[in-house]
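The following exercises concern aromatic contacts, charges placed over rings, and strand pairing. Each task is followed by a worked solution.

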Amino acid sequence: MATSLGSNTYNRQNWEDADFPILCQTCLGENPYIRMTKEKYGKECKICARPFTVFRWCPGVRMRFKKTEVCQTCSKMKNVCQTCLLDLEYGLPIQVRDTGLAVKDDMPKSDVNKEYYTQNMEREIQTSDGTRPVGQLGKVPGSSDMLLKLARTTPYYKRNRPHICSFWVKGECKRGEECPYRHEKPTDPDDPLADQNIKDRYYGINDPVADKLLKRASAMPRLDPPEDKTITTLYVGGLGDTITEMDLRNHFYQFGEIRTTTIVQRQQCAFIQFATRQSAELAAEKSFNKLIINGRRLTVKWGRSQAARGKEKDRDGLSESGMKLELVPGLPGALPPPPSSEEDTSANYFNLGPSTSPSVMNMSLPPPPGITNPPPPGFGPPMFHSMGSMGPPPPPPMSLRPPGQIHYPSQDPQRMGAHASRHGGS
C-alpha cells in the first residue's frame with residue numbers, strides 16, 4: 001500500500017531513536033558493567049510495526065543474548081519491559097496486573113486505528129513528566145493487595161538461561177561442553193506454558209503464564225481474625241538483626257494506637273499489641289503476606305490468648321521467654337493428683353507403700369510435775385505416728401523416762417569393750 005509523501009515524512013519523524021532501552025532488572029542482568037550493541041532502526045516493533053532502535057546484550061555468564069522486542073512507545077503505554085513485556089513495577093504479566101487493578105484498556109488492533117491511537121498516546125507521553133504511566137493505567141488511584149502478594153521481590157535470573165539444544169534432544173549435538181545451549185530434557189509439549197505469543201502477552205488475553213498466576217492467587221491462604229474478641233496482638237516473625245522496634249512502630253502506627261511493642265531477639269519475632277480490635281484487624285489485613293521492612297519479607301499472624309499460650313507452654317515444656325527447659329536429674333517426680341472423692345481421702349502424706357499402716361495414734365502422756373489439770377485432748381504434747389517398718393518410734397523425753405534406764409550409749413553394759421574397760425580401771 002503506497003503512502004503519500006506527507007504521511008511517509010511524518011512516520012519517519014516518529015521513528016524511535018533512543019540512547020538506552022527500558023528494561024527490568026531481570027533482563028538487564030546482575031552484572032553492573034554491561035556492554036550493549038545499538039542498531040538504529042534495526043527492526044520493526046512487534047506490536048505497532050514501526051522501526052525502532054534495537055539493543056542487544058548478554059546479561060551474564062552462561063546466559064543467552066537478549067534484545068529489545070518492542071519500541072519504547074509501546075513499552076510506555078503499558079509500562080512494561082521492552083524485552084520480556086512484564087510490568088516494570090510488579091514484574092507480572094499485563095493480564096494479571098490489569099485484573100488486580102481492575103483496568104480495562106482495550107487497545108485497537110487494526111492498522112489504521114492502532115496508528116491513530118499510538119499518535120495520541122505519544123502526545124500524552126510528551127506532555128507527562130515520565131514518573132507515572134499514561135493512559136488508563138495512570139488513572140488508577142492505588143495498588144492491589146493481590147499484586148503485592150504475587151509480585152517478586154528479587155530478580156529471577158534463571159529466565160535468562162540459554163534455550164534447550166534441539167540437536168541434543170535428538171542425540172545429534174557434537175559440540176559437547178562448548179555448546180552454548182542447554183543440554184536438558186524439554187518440558188511436556190502439551191504444557192500450556194510452552195505455547196506463548198508475544199501479542200497475547202502484550203494485549204493481556206489468552207496468556208498461559210497469567211492464567212497460572214491467577215489460579216495461584218485464588219488459592220492463596222487468608223488470615224482470618226480469631227473468634228476471641230479480646231485478642232488485639234499481632235505476631236511478626238522473621239525480623240533478623242537489622243529491624244528495630246522503631247521500624248515496626250513506623251509501619252504499624254498508621255493503623256491505630258499501639259499499646260505495647262515487644263521484641264524477642266532470641267526468636268527473631270515481635271508482638272504488636274493495639275489498643276482496639278478494629279486497629280488490629282486493619283493492620284492484619286494490610287500486612288498479611290505483603291509486609292516488607294528494610295528489604296525483608298516478614299510474617300504476620302494473629303497472637304493467641306493467654307490461656308491458650310499457657311497450655312501450650314506447659315505441654316511443650318517451655319518457659320515464659322520461649323526457651324526449652326530440660327529436666328534436672330535426681331529430682332523426685334511429680335506428686336500424685338488429689339483424690340476425686342472424700343472416700344478415697346487417706347492420711348498417706350508420705351506416699352508410703354500399702355504394707356505400712358496408715359493409722360495415726362495419739363499417745364497420751366502424763367502431765368509434767370506441778371500441773372494438776374491436764375490439757376484437753378488435741379492441745380497436749382505432740383502426737384507420735386507409728387511408722388511401721390520405717391523404724392522404731394522415737395524415745396520419750398528425758399523427764400519421762402524411769403530412773404535407772406540407760407539413755408547414753410556409754411552407760412550400756414553390753415556395749416563392746418565395756419567389761420574390759422571396767423576391769424582395767426579397777
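**Exercise 1. State how many aromatic pairs a search of the whole structure finds, and classify the pair of Tyr 202 and Tyr 203.**

Solution. The model is predicted. Searching the whole structure gives four aromatic pairs. In one of them, Tyr 202 and Tyr 203 have ring centres 5.6 Å apart and planes at 85° to each other. A pair requires centres within 6.5 Å, and planes over 60 degrees apart count as edge-to-face. The pair of Tyr 202 and Tyr 203 is therefore edge-to-face.

**Exercise 2. Decide whether Tyr 202 and Tyr 203 are buried or exposed.**

Solution. The cut-off for a buried residue is under 20% relative accessible area. Tyr 202 has 0% relative accessibility, so Tyr 202 counts as buried. Tyr 203, at 15%, counts as buried too.

**Exercise 3. Describe the pair of Phe 252 and Phe 274, and determine which parts of the chain it ties together.**

Solution. The centres of Phe 252 and Phe 274 are 6.2 Å apart, with 70° between the planes, and the pair is edge-to-face. Phe 252 belongs to helix 10 (residues 245-252) and Phe 274 to strand 6 (residues 269-274); the pair therefore ties together parts that are 22 residues apart in sequence. Both Phe 252 and Phe 274 are buried. Ring pairs also bring in Phe 255, giving a cluster of Phe 252, Phe 255 and Phe 274.

**Exercise 4. Identify the rings over which Arg 152 and Lys 170 lie.**

Solution. The charged end of Arg 152 is placed over the ring of Tyr 156, at 4.3 Å from its centre. Lys 170 lies over the face of Phe 167, 5.1 Å from the ring centre.

**Exercise 5. Work out the arrangement of the sheet formed by strands 1, 2 and 3.**

Solution. Begin with the order: three strands form an open sheet, 1-2-3, with antiparallel pairing. Strand 1 (36-44) and strand 3 (66-67) are at the edges; each has a single partner strand, so one side of each lacks a neighbour in the sheet.

Next, consider the pairings. Strand 1 and strand 2 are joined in the antiparallel sense over six bridges, and Lys 38 has Phe 55 in strand 2 as its bridge partner. Strand 2 (residues 51-57) pairs with strand 3 over two bridges, again in the antiparallel sense. Here Trp 57 is opposite Lys 66 in strand 3.

Finally, examine the connection. Strands 1 and 2 make a hairpin with six residues between them. Ala 49, in the turn, has a positive phi of about 65°.

Technical notes. Residues are numbered from 1 along each chain as its sequence is written. This is a predicted model: local features need pLDDT of at least 70, side-chain atom pairs count only at pLDDT 80 or more; totals for chains, interfaces and linings use all residues. Side-chain values use heavy atoms; hydrogens and water are left out. Rings of Phe, Tyr and Trp (its six-membered ring) pair if their centres lie within 6.5 Å; planes under 30 degrees apart count as stacked, over 60 as edge-to-face and the rest as tilted. Buried means under 20% relative accessible area, exposed over 50%, partly exposed in between (1.4 Å probe, protein chains only). Helices (H or I, at least four residues) and strands (E, at least two) are DSSP runs, numbered from the N terminus. A charge sits over a ring if NZ of Lys or CZ of Arg is within 6 Å of the ring centre and within 35 degrees of the ring normal. Two strands pair if DSSP finds at least two bridges between them.
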